[in-house]
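Work through the exercises below with the model open beside you. Try each task before you read its solution.

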Amino acid sequence: MNRLPLFLDVKARRIGVIGGGPLAARRVETLFRAGAEILLAADELSHEFEVLRGKFRRGDLADAEIFAGCALCYFAPEDGAAPDAELLARARAAGALVNVADQPKLSDFIVPSVLDRSPLVVAISTGGEAPLLGRMLKARLETLIPAGYGRLAALAGSGRAALAGKLTGHGARLRFWERIYDGPIAEMALAGDEAGARAALEREIAACEPDGSPRGATRRGEVYLVGAGPGDPDLLTFRAFRLMQQADVVLYDRLVDPSIMDRVRRDAERIYVGKRRSDHALPQEEIGELMVRLAREGKRVLRLKGGDPFIFGRGGEEIEKLAEHRIPFQVCPGVTAAAGCSAYAGIPLTHRDYAQSCVFVTGHGREGPIELDWSSLLRPRQTVAIYMGLAHLAVLMQELQRHGADPATPVAIVENGTRANQITVTGTVATIAGKAVEAGLRGPTIIIIGQVVRLRDTLNWYSPKTEAKHGDAKFGDE
Ligand code: SAH
């Protein structure tokens with residue numbers, strides 16, 4: 001390590017910035033956020049400075065005393081040009097530590113890549129050797145450290161004073177904070193419930209033993225109802241991924257892709273509660289009861305569902321039981337099948353020229369095909385996405401025509417959307433049922449009806465591994 005990392009309090013300290021381009025503007029912005037008194041020296045200012053007006057004072061480069069009192073000076077010459085050597089010497093003579101952008105050899109200090117989750121701040125440096133590598137690493141950390149970590153750090157800060165005299169030493173502090181960071185209080189803070197988290201933390205502090213363990217308390221479990229998206233694991237949200245890492249037990253469906261299950265914490269217990277159409281492995285109430293029981297045992301229960309848990313997912317029904325029994329839970333949305341399938345099939349669900357609205361309906365009722373409000377589905381300039389419609393595809397298409405749909409209306413069926421074995425079959429309201437049989441579709445599928453389907457001809461971008469084998473009849477092909 002050839003430089004010493006530190007975080008400097010610059011509040012009300014004078015800091016010089018020399019340069020009038022975009023880089024200098026970025027420095028002014030950051031320094032202002034850190035509370036510095038900024039002295040800017042430049043002949044001309046680029047347009048980036050317009051929004052920074054009032055945040056800095058201009059200095060006169062001809063003034064021999066310009067850098068008096070400056071703790072630090074940032075030189076940001078345009079396009080990597082050499083800094084004015086005489087100015088550099090003047091800054092140093094005034095006692096300032098200097099930084100020259102992208103020139104570590106000329107710099108007393110270098111500017112790290114910063115991940116700001118204030119009060120949590122991560123600064124990365126490669127000692128000036130590979131700044132782009134530092135930036136790449138920062139992008140990775142962005143995904144690992146969710147925005148809510150700032151809230152978590154602030155929460156911990158708020159509890160420190162109250163905890164000060166209560167714990168016996170470092171080991172006790174470690175025990176206490178590990179429990180908080182790894183438990184429901186941290187989860188509450190990360191999910192945005194700051195008031196709830198603060199109140200719960202106060203209770204924990206009030207009820208903790210000097211060695212940091214909870215006074216006679218048993219751990220309270222909780223439930224995460226998480227949408228896993230339609231299949232491609234890259235479509236998981238950061239929050240879903242994090243909850244998957246900390247669950248003790250996971251309840252999952254048939255529709256949750258195995259590549260997603262691979263990303264659940266290795267030692268978590270796995271319980272299959274999947275269901276096929278009209279063949280429910282576990283009735284909804286039993287799933288609810290099972291979650292209550294597991295949570296009561298103190299477990300963190302992950303209820304993982306395909307797509308989004310609140311879109312034809314019966315997620316609402318499952319968590320009613322939890323609410324009834326006052327088990328803490330949170331809901332994490334996922335990419336719903338209609339959104340995932342349409343994106344990966346190159347079919348925008350709305351488009352200014354073709355559709356101003358889009359409805360999601362289910363093609364399957366409790367007992368066979370559902371009674372749909374056909375006239376509302378047939379509105380012009382509207383896209384219809386049908387979930388669970390394959391089994392009754394022929395009936396659905398006949399009914400649409402019987403209620404006045406143009407038989408030539410384009411239809412696409414996307415099977416295994418977003419997965420490596422995605423298949424898309426296109427046709428019309430009149431032809432699609434036959435084509436689906438021909439292609440041997442088995443589901444899961446989303447049926448997309450409307451003029452937007454035509455856009456696939458130009459917007460299709462995704463090439464799954466199996467599509468070539470099955471062929472993809474273009475709209476209008478017979
Ligand atoms: N909650 C889920 C939907 C559950 S209902 C969501 O928001 O996506 C189950 C139906 O979703 C399936 O019958 C099918 O119509 C659709 N579906 C789910 N995953 C799919 C996929 N990868 N490709 C196509 N359709 C899918």
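Helices and strands here are DSSP runs, numbered from the N terminus; a helix has at least four residues and a strand at least two. The model is predicted.

**Exercise 1. Find Asp102 in the chain, and state what is unusual about its backbone.**

Solution.
Step 1: Locate the residue. Asp102 sits in the loop between strand E5 (97-100) and E6.
Step 2: Read its phi angle. Asp102 has a positive phi of about 60 degrees, although it is not a glycine.
Step 3: Check exposure. The relative accessible area of Asp102 is 68%. Exposed means over 50%. Asp102 therefore counts as exposed.

**Exercise 2. Carry out the analysis of Exercise 1 for Ala12: where does it lie, and is it buried or exposed?**

Solution.
Step 1: Ala12 belongs to the segment before strand E1 (14-18).
Step 2: Its phi is positive, about 60 degrees, and Ala12 is not a glycine.
Step 3: Ala12 has a relative accessible area of 64%, so it is exposed.

**Exercise 3. Which residue pairs are joined by cis peptide bonds, and where do the prolines lie?**

Solution.
Step 1: Take Ser118 and Pro119. A cis peptide bond joins them, with omega about 5 degrees.
Step 2: Place Pro119. It is in the loop between strand E6 (113-117) and strand E7 (120-124).
Step 3: Take Gly443 and Pro444. Their peptide bond is cis too, with omega about 0 degrees.
Step 4: Place Pro444. Its loop runs between helix H15 (432-439) and strand E19 (445-449).

**Exercise 4. Describe the surroundings of Ala338.**

Solution.
Step 1: Ala338 lies in helix H12, residues 337-345.
Step 2: Its relative accessible area is 0%. Buried means under 20%. Ala338 is therefore buried.
Step 3: List its contacts, leaving aside neighbours within four places in sequence. They are Leu349, Phe360, Ala385, Tyr387 and Ile446.
Step 4: Compare two distances. Ala338 and Thr445 are 107 residues apart in sequence, but their C-alpha atoms are 9.3 Å apart in space.

**Exercise 5. Is Gly340 buried or exposed, and what is it in contact with?**

Solution.
Step 1: Gly340 lies in helix H12.
Step 2: With a relative accessible area of 4%, Gly340 is buried.
Step 3: Beyond its neighbours within four places in sequence, Gly340 is in contact with Pro230, Val335 and Thr418.
Step 4: Add a sequence-distant residue. Asp232 is 108 residues from Gly340 in sequence, and 9.0 Å away in space, C-alpha to C-alpha.

**Exercise 6. How many residues and how many ångströms separate Leu6 from Ala123, and Ala394 from Tyr149?**

Solution.
Step 1: Leu6 is in the segment before E1. At 58% relative accessibility, it counts as exposed.
Step 2: Leu6 and Ala123 are 117 residues apart in sequence, and 9.3 Å apart from C-alpha to C-alpha.
Step 3: Ala394 is in helix H14, residues 393-402. At 37% relative accessibility, it counts as partly exposed.
Step 4: Ala394 and Tyr149 are 245 residues apart in sequence, and 51 Å apart from C-alpha to C-alpha.

**Exercise 7. Describe the whole chain: its elements, domains and overall dimensions.**

Solution.
Step 1: Count the elements. The protein chain has 17 helices and 19 strands.
Step 2: Divide the chain. The domains are domain 1 (14-111), domain 2 (148-207), domain 3 (222-335) and domain 4 (342-470).
Step 3: Gauge the spread. The centres of domain 1 and domain 4 are 59 Å apart, taken over C-alpha atoms.
Step 4: Take the box. Along the principal axes, the C-alpha atoms fill roughly 90 × 60 × 35 Å.
Step 5: Test against a globule. The protein chain has a radius of gyration of 30 Å, whereas a compact globule of 478 residues would have one near 23 Å.

**Exercise 8. What share of the residues is buried, and what share of the contacts is long in sequence?**

Solution.
Step 1: Of the 478 residues, 45% are buried.
Step 2: Take contacts with a separation of 6 or more. Residues 24 or more positions apart account for 66% of them.
Step 3: Turn to the surface. The accessible surface is about 24,900 Å², and 53% of this belongs to carbon and sulfur atoms.
Step 4: Finish with charge. There are 61 positive and 60 negative side chains, and the centres of the two sets lie 4 Å apart.

Terms used. Residues numbered from 1 in each chain as written. Predicted model: local features only at pLDDT ≥ 70, side-chain atom pairs only at ≥ 80, totals over all residues. Heavy atoms only, no water. Rg over C-alpha atoms; globule rule 2.2 N^0.38 Å. Buried < 20%, exposed > 50% of the residue type's maximum accessible area, 1.4 Å probe, protein only. Contact = heavy atoms within 4.5 Å. Areas by Shrake-Rupley, 256 points an atom, 1.4 Å probe, with all protein chains shown as cover. Lys, Arg positive; Asp, Glu negative; His and termini not counted. Charge placed at Lys NZ, Arg CZ, Asp CG, Glu CD. Domains from an automatic or database assignment.
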